[in-house]
Amino acid sequence: MSTSIVAAPVAALPAFAVRLLRAAGFVSNFDRFCIAPMLVVLASRLGAPLHTVAVAASGYYLAYGLAQPVWGVASDRWGRVRVLRISLAGAVPAALASALAPSVPVLIGARVVAGGFFAAAIAVCLTYVGDTVPAAVRQRPLSALMSAFALGTATATLVAGLVAHWLSWRLVFALPGVLAAVLVVALRRLPEPPRERPGAVAPLRVVLCSRWQWYVMAVALLEGAVRSQ
């Protein structure tokens, strides 16, 4: 009679950790997509041409894309949770400055800075799951994260314009700043996953030597160009 050996189940990521990661991703995507529905309102309230106000969105997306490799290398070196908290802490004053901006130039500068800081959240959250959850049971936490990311995008698209029109566009920019400040404190509960500490050049060499990575970057560049129009 033959017997089979059943592997012991692998512990899943704690529920509170998934909630914190989902919240960070939600806030990041909300802040990234909230400005597009408000461009007309912003142009009207700030007394500037629409194409000038649109520079705030374009600058945000550019800073967001350029900062992601920087945050990725930083999280490899100094830790996922530490970098996530630092980035959210930097996003707080940038978001609040956006909410208090008295003119379009100030708004553009604040949005560029906000894009650079919020850029860390999505990548770090996904990498955290990759560091802590075995591939065999990774689908559920990744699905939870992706649903939160999509919810942040949808909420920004549906709510931002309405709030800006009926209440104030400043509230829309202030909300991610307040939530980011709460997360900076809450993320202290999240344990830092074990990781190797490669040199700064090694990950970039892997990316640049992969044809698929060049394809993904080309698609992302095209998507960013379309979104900025």
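This passage describes the fold, the salt bridges and a nonpolar surface patch of a predicted model.

The secondary structure of the protein chain amounts to 9 helices and 0 strands, so that, read from the N terminus, the elements follow one another as α-α-α-α-α-α-α-α-α. Of the 229 residues in the chain, 39% count as buried. Among contacts between residues at least 6 apart in sequence, 82% join residues that are at least 24 apart. The chain exposes about 12,600 Å² of surface, of which carbon and sulfur atoms supply 70%.

Side chains of opposite charge can pair when their charged atoms come close. In the present model the count comes to 3 salt bridges. One of these is formed by the side chains of Asp 31 and Arg 111, with a distance of 3.0 Å from N to O. This pair links distant parts of the chain, given that Asp 31 belongs to helix 1 (residues 15-33) and Arg 111 to helix 5 (residues 104-132), with their positions 80 residues apart in the numbering. Asp 31 has a relative accessible area of 0% and is therefore buried, the cut-off being under 20%. Arg 111, likewise at 0% relative accessibility, also counts as buried.

The surroundings of Asp 31, which is placed in helix 1, include a further polar partner. The side chain of Asp 31 makes a polar contact with the side chain of Tyr 60, at 2.7 Å. When neighbours within four places in sequence are left aside, the residues in contact with Asp 31 are Tyr 60, Arg 111, Ala 114, Phe 118 and Pro 176. Tyr 60 and Arg 111 thus appear in this contact list, Tyr 60 as the partner in the polar contact and Arg 111 as the partner in the salt bridge.

A second group of charged side chains involves Arg 80. The side chains of Asp 76 and Arg 80 meet in a salt bridge with an N to O distance of 2.7 Å, and both Asp 76 and Arg 80 are buried. A salt bridge is also formed between the side chains of Asp 131 and Arg 80, here with an N to O distance of 2.6 Å. The pair of Asp 131 and Arg 80 links distant parts of the chain, since Asp 131 lies in helix 5 and Arg 80 in helix 4 (residues 80-100), 51 residues apart. Arg 80 counts as buried because its relative accessibility of 7% falls under the 20% cut-off, whereas Asp 131 is partly exposed, with a relative accessible area of 29%. Through salt bridges that share partners, Asp 76, Arg 80 and Asp 131 are joined into one network.

Attention then turns to the surface. A nonpolar patch is formed there by Leu 162, Trp 166, Leu 167 and Leu 171, which together have about 510 Å² of accessible area. Of these residues, Leu 167 is located in the loop between helix 6 (139-166) and helix 7 (169-186). Leu 167 has a relative accessible area of 60% and is classed as exposed, because this value is over the 50% cut-off.

Methods. Residues are numbered from 1 along each chain as its sequence is written. Side-chain values use heavy atoms; hydrogens and water are left out. A salt bridge is a side-chain nitrogen of Lys or Arg within 4 Å of a carboxyl oxygen of Asp or Glu. Helices (H or I, at least four residues) and strands (E, at least two) are DSSP runs, numbered from the N terminus. Buried means under 20% relative accessible area, exposed over 50%, partly exposed in between (1.4 Å probe, protein chains only). Patches are made of residues with over 30% relative accessible area and no salt bridge: like charges are joined within 9 Å, nonpolar side chains (Val, Leu, Ile, Met, Phe, Trp, Tyr) within 5 Å. Accessible areas come from the Shrake-Rupley method with a 1.4 Å probe; for residues, only the protein chains shown count as cover. Contact means heavy atoms within 4.5 Å. A polar contact is a pair of N or O atoms within 3.5 Å; within protein, one must be able to donate a hydrogen and the other to accept it, and residues adjacent in sequence count only if both atoms are side-chain atoms.
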